[in-house]
Amino acid sequence: MLRQVAEGVLIHESEFCQSNAVVVQGRAGVLLIDPGVLGYEMATLANDLRELGQPVVAGFSTHPHWDHLLWHARLGEAPRYGTARCAATVRDRLSDARAKARIAEQLIPPDIAEHVPLDLLGLITGLPAEMAQIPWDGPQVRIIEHQAHAPGHAALLIDERGVLVAGDMLSDVLIPMLDLNDTADPIEDYLAALRLLEGVAGDVDVLVPGHGSIGGADQVHARIDQDRAYVHALRDARVPSDPRVGPSATFDWMSGVHERQLQQLARRSERDGTPG
Ligand SMILES: [Zn+2]
């Protein structure tokens, strides 16, 4: 079920929302980034890795959203990491007894809910903020932390392989989804993150978004520009000309996401008394 996208880097695309799980081969086993969503897919992934003689030696969640925090018992008990801020957010959001039930009811689409195992959800260890790389025995994986989309979101750059694991940004099917929870300036957070990614774009041959198609080197700047144009349109309350939303969209619910973002931003600027 795995597809190689660069030397020693393999992906599995889920049936759910074109989610990409990323496997990075190390010396004694693999690093598994955002393992997947459906229990049977993660179990198959675990079996495939076992057949390849590649145990999971580390896990990483790019950001604190349920579809990036799952795990399957068959993947084993390797340490699972996220940024410190990601882990703190997860701890906070899972702190009450009803948290998982609420996620199952409100966030997971009903048609897949029975296939999403929540027992090992979010069991991640936060890496200290000054730690610039994932601690593991394999190719260096640089952590590029920013606050777009979710608190403590990490994009990961595997320099030696020219691979950027973008988390929930730079997708060809999802528009930028801003973190509108408790953030002071979600638009600027998003634009700042795009600048960070732009800063490493020259080193990227393969772009792996959290959801959507893998991009080649030519796609990196194109997707950064496309995300930025969307965020600018959202900021200015203009109609975005963006293939990911509208008649050509892969997901028809994307226009609803766009409308909600517009409304929430309008409410915030009313509340704050800022124009636009
Ligand atoms: Zn997300």
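**Close-up views of a predicted model**

**View 1. Strands β5, β6 and β7 meet side by side.** Strands β5 and β6 run parallel and are joined by 2 bridges. Helices (H or I, at least four residues) and strands (E, at least two) are DSSP runs, numbered from the N terminus, and two strands pair if DSSP finds at least two bridges between them. To find one meeting point, look for glycine 59, which stands opposite arginine 80 in β6. Next, β6 is joined to strand β7 (residues 125–127) by 3 bridges, and these two strands also run parallel. Here threonine 83 has leucine 127 of β7 as its bridge partner.

A word on how to read these views: the model is predicted, so local features need pLDDT of at least 70 and side-chain atom pairs count only at pLDDT 80 or more, while totals for chains, interfaces and linings use all residues. Residues are numbered from 1 along each chain as its sequence is written, and side-chain values use heavy atoms, with hydrogens and water left out.

**View 2. Three histidines and an aspartate hold the zinc ion's donor atoms.** Look for His63 (NE2), His65 (ND1), His149 (NE2) and Asp168 (OD), which lie 2.1 to 2.2 Å from the zinc ion. Donors are N, O and S atoms within 2.8 Å of the metal (3.2 Å for Na, K and Ca); water is not among the atoms, so sites may look incomplete. Along the chain, the donors follow the spacing H-x1-H-x83-H-x18-D. Histidine 65 and aspartate 168 link distant parts of the chain, 103 residues apart: histidine 65 sits in the loop between β5 and β6, and aspartate 168 in the loop between β10 (163–167) and α4 (186–200). Burial helps to tell the two apart: buried means under 20% relative accessible area, exposed over 50%, and partly exposed in between (1.4 Å probe, protein chains only). Histidine 65 is partly exposed because its relative accessible area is 23%, while aspartate 168, at 12%, is buried.

**View 3. Two aromatic pairs can be picked out.** Rings of Phe, Tyr and Trp (its six-membered ring) pair if their centres lie within 6.5 Å; planes under 30 degrees apart count as stacked, over 60 as edge-to-face and the rest as tilted. By this rule there are 2 pairs. Phenylalanine 16 and tryptophan 66 make a tilted pair, with 5.6 Å from centre to centre and 45 degrees between the planes. This pair links distant parts of the chain, 50 residues apart: phenylalanine 16 is in the loop between β2 (9–13) and β3 (20–25), and tryptophan 66 is in the loop between β5 (56–60) and β6 (80–83). Phenylalanine 16 and tryptophan 66 are both buried. Phenylalanine 251 and tryptophan 253 make a stacked pair, 5.2 Å centre to centre with 25 degrees between the planes. Phenylalanine 251 counts as buried because its relative accessibility is 14%; tryptophan 253, at 39%, counts as partly exposed.

**View 4. Helix α5 and its surroundings.** Helix α5 (residues 217–235) has 19 residues and spans 28 Å from its first C-alpha to its last, close to the 27 Å expected at 1.5 Å a residue. The expected span is 1.5 Å times one less than the number of residues. Among its buried residues are Val220, Ile224, Tyr230 and Leu234. The buried residues of α5 are covered by elements including α4, β11 (206–209), β12 (215–216) and α6 (254–272). After α5 comes alanine 237, with a positive phi near 50 degrees.

**View 5. Histidine 232 on helix α5.** Is this residue buried or partly exposed? Histidine 232 is partly exposed, because its relative accessible area is 25%. Setting aside neighbours within four places in sequence, histidine 232 is in contact (heavy atoms within 4.5 Å) with Leu191 and Arg238. Its C-alpha lies 10.0 Å from that of glutamate 188, a residue 44 places away along the chain.

**View 6. An open sheet of 5 strands.** Follow the order β8-β9-β10-β11-β12, in which the pairing is mixed. At the edges stand β8 (142–146) and β12; each has a single partner strand, so one side of each is left without a neighbour in the sheet. Strands β11 and β12 run antiparallel and are joined by 2 bridges. In one of these, leucine 207 partners glycine 215 of β12.
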